[in-house]
Amino acid sequence: MEYTHVVHTFEPVFDDKSEILILGSFPSVKSRESQFYYGHPKNRFWKVTAGVLGEEVPQTVAEKRAFLLRNHIAVWDVIASCDIIGSSDSSIRNVVANDMQMILRQANIHAIYANGDKAYQLFLKYCKEEGQPEVYKLPSTSPANAAWSVERLIAAWSKAISG
């Protein structure tokens, strides 16, 4: 496989009632195809967040958007564009970051959670500014993080998003 320059083509999910911001690194190939977050069927994001919040797992994009907003969760990615091989976070280079202030100016975000180490590293490198809410690293819901079961992810994520 070779590098492709890819631009993030869908908007963040948030409103003025959003209280936490969950950041991924960059959309997977499947998410880019579906034009929404965590679109790969093996990504556990929707199972984990629904499990933490005691709700049914949303299925459609409309259900997922409503689920996030109802629970005051904003979702976006750190990267606006980059060169990447497929969906491989480890291949990311030539990063242009998203402007986090777009959400932080409009929503009452009190904490930022990075979905995995790569999102956390990229946020610290490209987006962290003085005066922003604290950023915390959560274990990735990606299928590449096979060492973490859904149950273990729910336990770790519940400390962050159920409060």
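This report describes the strands, one helix, the nonpolar core and selected residues of a predicted model.

## The parallel sheet

Four strands make up an open sheet, arranged in the order β3-β2-β6-β7 with parallel pairing. The edges are held by β3 (residues 73-77) and β7; each has a single partner strand, so one side of each is left without a neighbour in the sheet. From one strand to the next, the twist averages 25°.

Within this sheet, β6 and β7 run parallel and are joined by four bridges. One pairing places Asn115 with Leu138 in β7 as its bridge partner. Helix α5 packs on the sheet, where α5 touches β2, β6 and β7. The direction of α5 makes about 160° with that of β7.

## The antiparallel sheet

A second set of strands, three in number, forms an open sheet in the order β1-β4-β5, and here the pairing is antiparallel. Strands β1 (residues 4-7) and β5 stand at the edges; each has a single partner strand, so one side of each lacks a neighbour in the sheet. The twist in this sheet averages 10° from one strand to the next. In general, the strands of a sheet pair through backbone hydrogen bonds, in either a parallel or an antiparallel sense.

Strand β4 pairs with both β1 and β5. With β1 the pairing is antiparallel and extends over four bridges, and Val6 stands opposite Cys82 in β4. Three bridges join β4 to β5, again in the antiparallel sense. Across that pairing, Ser81 stands opposite Val96 in β5, while Asp83 stands opposite Arg93 in β5. Six of the six residues of β4 are buried, so β4 is largely enclosed by the rest of the structure.

## Helix α5 and its buried face

Helix α5 spans residues 117-126, and Ala119, Leu122 and Phe123 are buried in it. Viewed down the axis of α5, the buried residues fall within an arc of 100°, so they line one face of the helix. An α-helix has 3.6 residues a turn, so residues three or four places apart point the same way.

The buried residues of α5 pack against strands β2 (20-24), β4 (79-84), β5 (93-97), β6 (111-115) and β7 (135-138).

## The nonpolar core

The largest nonpolar core has 46 residues, and the members that touch the most others are Leu21, Ile22, Leu68 and Trp157. Helix α2 (residues 45-53) gives the most to this core, contributing five residues. In soluble globular proteins, nonpolar side chains tend to be buried together.

Which residues are in contact with Trp157, leaving aside its neighbours within four places in sequence? The set consists of Ile22, Phe45, Val48, Thr49, Val52, Asn115, Leu138, Pro139 and Thr141. Two of these, Asn115 and Leu138, are also bridge partners.

## Asn98, a buried residue in a loop

Asn98 is located in the loop between β5 and α4 (residues 101-104). Its relative accessibility is 13%, and Asn98 therefore counts as buried. A polar atom of the Asn98 side chain lies 2.8 Å from the backbone oxygen of Asp77.

Beyond its neighbours within four places in sequence, Asn98 is in contact with His8, Trp76, Asp77, Val78, Ile79, Ala80 and Cys127. Asp77 thus appears both in this set of contacts and as the residue whose backbone oxygen lies 2.8 Å from a polar side-chain atom of Asn98.

## Residues with a positive phi

Most residues other than glycine have a negative phi. Two residues of the model are notable in this respect. Tyr38, which is not a glycine, has a positive phi of about 55°, and the phi of Asn94, likewise a residue other than glycine, is positive and near 55°.

Where do Tyr38 and Asn94 lie? Tyr38 lies in the loop between α1 (residues 29-34) and α2, whereas Asn94 lies in strand β5. Is each of them buried or exposed? Tyr38 is buried, with a relative accessible area of 11%, while Asn94, at 51% relative accessibility, counts as exposed.

Notes. Residues numbered from 1 in each chain as written. Predicted model: local features only at pLDDT ≥ 70, side-chain atom pairs only at ≥ 80, totals over all residues. Heavy atoms only, no water. Core = buried A, V, L, I, M, F, W, Y, C linked by side-chain atoms within 4.5 Å. Buried < 20%, exposed > 50% of the residue type's maximum accessible area, 1.4 Å probe, protein only. Helix = DSSP H or I, 4+ residues; strand = E, 2+ residues; numbered from the N terminus. Contact = heavy atoms within 4.5 Å. Arc of directions from axis to C-beta. Pairing = 2+ DSSP bridges. Axes fitted to C-alpha atoms, helices over the stretch in contact; angles between N-to-C directions. Polar contact = N/O pair within 3.5 Å; in protein donor to acceptor, adjacent residues only side chain to side chain.
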